[in-house]
Every structure is written in structure tokens, then in C-alpha cells.
Amino acid sequence: DLELHLQRCQQLSVTVLTDHQDLSNTELKTITNSTAPQQYRIRAKLRTYKPQKLHQSVKLHCSKCNSLQEVPDGDDFGFILHGSANTAPNPELHNTSWYESVSWTTQDQKQREIAIHFVKHDEMLQHPEDTLLMVEGGTLKEIWKLTKRFKCVIPVRSTEDDLELLDLSAPFLLQGNVKYYGCKQCSTPKPMKSLSCIAAEQQPSWEPAEIAQVLGIELLQYVFIMKFTLVDETGALNAYLFDY
């Protein structure tokens, strides 16, 4: 009985990759001694896999410099927003030809100044589900509330001459529940007035890739990565899964 149980456990620990059914099984030693690219069918055991937690498999990838980075957590974003709130909105930058501004001071103890700039199209405000807006001084909670109602939200701060993006450790754009990041190494952020050219289009779609391009941002893409170590009686092989 014990021997039968061990055989069953061994069978359960074997992973069969069912692709390439027309190919016969190849030993791992043969594969490691071959030049790529080739197609093989293997029969092997899974020794280890990384990362152990599925959410850790999601990374941010820059296709330009080929770098990989961890997805920042909400605490990092909240900290950056808190720091940017120390810069009061510049009233001279309110209500331009391409956006309409609303500002107020919160009634809480901190009395934060908040400004929201609604981008116009043909000198008119769009429906909320089609609207891009820029926010100064908002908290993480307030920004997430705005993303539920409006199509795109961009956190910004004031300078003397224009609105600008925050530190690229923060998402430069939020759309629904998705945060879009830019590569710090490959991006050359431009002032927010660069967005006016999209607002002037016949039907602004506010697509993240187009917004990133006009703002000088190299858009990072979410990728799924895992590493598997496969073994058979002839050797071991590291297999990497990388997909958008």
C-alpha cells in the first residue's frame, strides 16, 4: 500500500506539457545543449516556481530600455499626493482656453487647497464619461472617487508657468481602476498644456498611449512573469513565462 501511495504521489508531481503532440519527448540535457530557437516536447517534474504569491508575478515593463520594476503600492501613491498638497494651486493657471477650473479649501483641520481642471472640447465640457480632468491637492480616496465618475484623471501640481505631472513614481494617469505609469529613465515629461492638442481633435478619445505620447511619457506595460525549474533524470531547466 505504501509503495502504491508513493507511486501516486510521484505521478501527481509530474507535469506534462501537452503542446507539440506531434513531437516525441526530449530529455532536458539535450535541450540545454542545443541552440535556440527550437521546439520541444518534454516530460518533467516541477521542482520550484517563483514568485510564490501570484500577485507578485505582475511587474511593469518598459519596451524601450527593457527594464522591469515592481508595481508601486497605494501607500507610495498616497505619500506622493500628500507631498504635492504642500504646493498650493496657482490661481493664475485656472480657467484657460482649454480647461475650466474649480477650486476650494477643505473644512478639515489641514485646510487643503484643491483644484480640479476639466478639459474642454470645442469650448464645452464633455459628458463625465468622456472627460479628462487634472487634480491638484487631492487625497488618494478623493482621486479614486473621481475615477468612478470621469473617464481620465491626471494628478498634477502647479508651477509658475503651467501645470505639471507629479513624480513618475506615481501613476501619471488613472482610468477606471487602472493606474498607468511612465518609465523614469526613458520619459521626458512635458507641461500639461501639451494635452491641448488632443482636446482640439474632432473626437478626443483620451487613450492612455496617446496621452503618454504628447506628455513625453514612455508608457510602462503590465506584464506577468514567472520562473519554473523543471527537472528530469538528465538535468534541470529554468523556464520563464513572460506575457502582457
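The questions and answers below concern a predicted model.

User: Which residues does the UniProt annotation "domain: Protection of telomeres protein 1 C-terminal insertion" cover?
Analyst: The name comes from an unreviewed UniProt entry. Over the annotated stretch the chain is 22% helix and 27% strand, with its end C-alpha atoms 23 Å apart. The annotation covers residues 75–218.

User: How many salt bridges does a search of the whole structure find?
Analyst: Side chains of opposite charge can pair when their charged atoms come close. A pair counts here if a side-chain nitrogen of Lys or Arg is within 4 Å of a carboxyl oxygen of Asp or Glu. Among the pairs are E70 with K59 and E164 with R157. The search finds three.

User: How many residues apart in sequence are the parts that E70 and K59 tie together?
Analyst: E70 forms a salt bridge with K59, and the closest N and O atoms are 2.7 Å apart. E70 lies in strand β4 and K59 in strand β3 (residues 58–61), so the pair ties together parts of the chain whose separation is 11 residues.

User: Is K59 buried or exposed?
Analyst: Its salt-bridge partner is E70, which is exposed at a relative accessible area of 52%. For K59 the relative accessible area is 17%. Buried means under 20%, so K59 is buried.

User: Which residue meets R112 in a salt bridge?
Analyst: R112 sits in the loop between β5 (99–105) and β6 (113–121), and its partner is in helix α4 (residues 140–149), 30 residues apart. At 15% relative accessibility R112 counts as buried, whereas the partner is partly exposed at 27%. The bridge is 2.8 Å from N to O, and the partner is E142.

User: What is the distance between the closest N and O atoms of E164 and R157?
Analyst: Both residues count as partly exposed, E164 at 31% relative accessibility and R157 at 25%. The two form a salt bridge, and the closest N and O atoms are apart by 2.9 Å.

User: What arc around the axis do the buried residues I143, L146 and T147 of α4 cover?
Analyst: I143, L146 and T147 are buried in α4. Their directions from the axis put these residues on the same side of the helix, because the arc is only 100°.

User: Which residues are exposed on the other side of α4?
Analyst: One side of α4 holds the buried I143, L146 and T147. What covers those buried residues includes α3 (74–84), β6, β8 (132–136), β9 (152–158) and β11 (173–175). On the other side the exposed residues are K141, K145, K148 and R149.

User: Which residues form a nonpolar patch on the surface with L68?
Analyst: L68 lies in strand β4 (residues 68–70) and is partly exposed, with a relative accessible area of 46%. A patch residue needs over 30%, so L68 at 46% passes that cut-off. The patch has about 330 Å² of accessible area together, and its other members are F242 and Y244.

User: Leaving aside neighbours within four places in sequence, which residues is S194 in contact with?
Analyst: S194 lies in the loop between β12 (178–180) and α5 (196–199). With a relative accessible area of 19%, S194 is buried. Once its neighbours within four places are left aside, the contacts of S194 are V214 and L215.

Note on methods:
Residues are numbered from 1 along each chain as its sequence is written. This is a predicted model: local features need pLDDT of at least 70, side-chain atom pairs count only at pLDDT 80 or more; totals for chains, interfaces and linings use all residues. Side-chain values use heavy atoms; hydrogens and water are left out. UniProt positions are given in the numbering used here, feature names are shortened, and annotations may be inferred rather than shown by experiment. Helices (H or I, at least four residues) and strands (E, at least two) are DSSP runs, numbered from the N terminus. Patches are made of residues with over 30% relative accessible area and no salt bridge: like charges are joined within 9 Å, nonpolar side chains (Val, Leu, Ile, Met, Phe, Trp, Tyr) within 5 Å. Accessible areas come from the Shrake-Rupley method with a 1.4 Å probe; for residues, only the protein chains shown count as cover. Buried means under 20% relative accessible area, exposed over 50%, partly exposed in between (1.4 Å probe, protein chains only). The arc is that of the directions from the helix axis to the C-beta atoms. Contact means heavy atoms within 4.5 Å.
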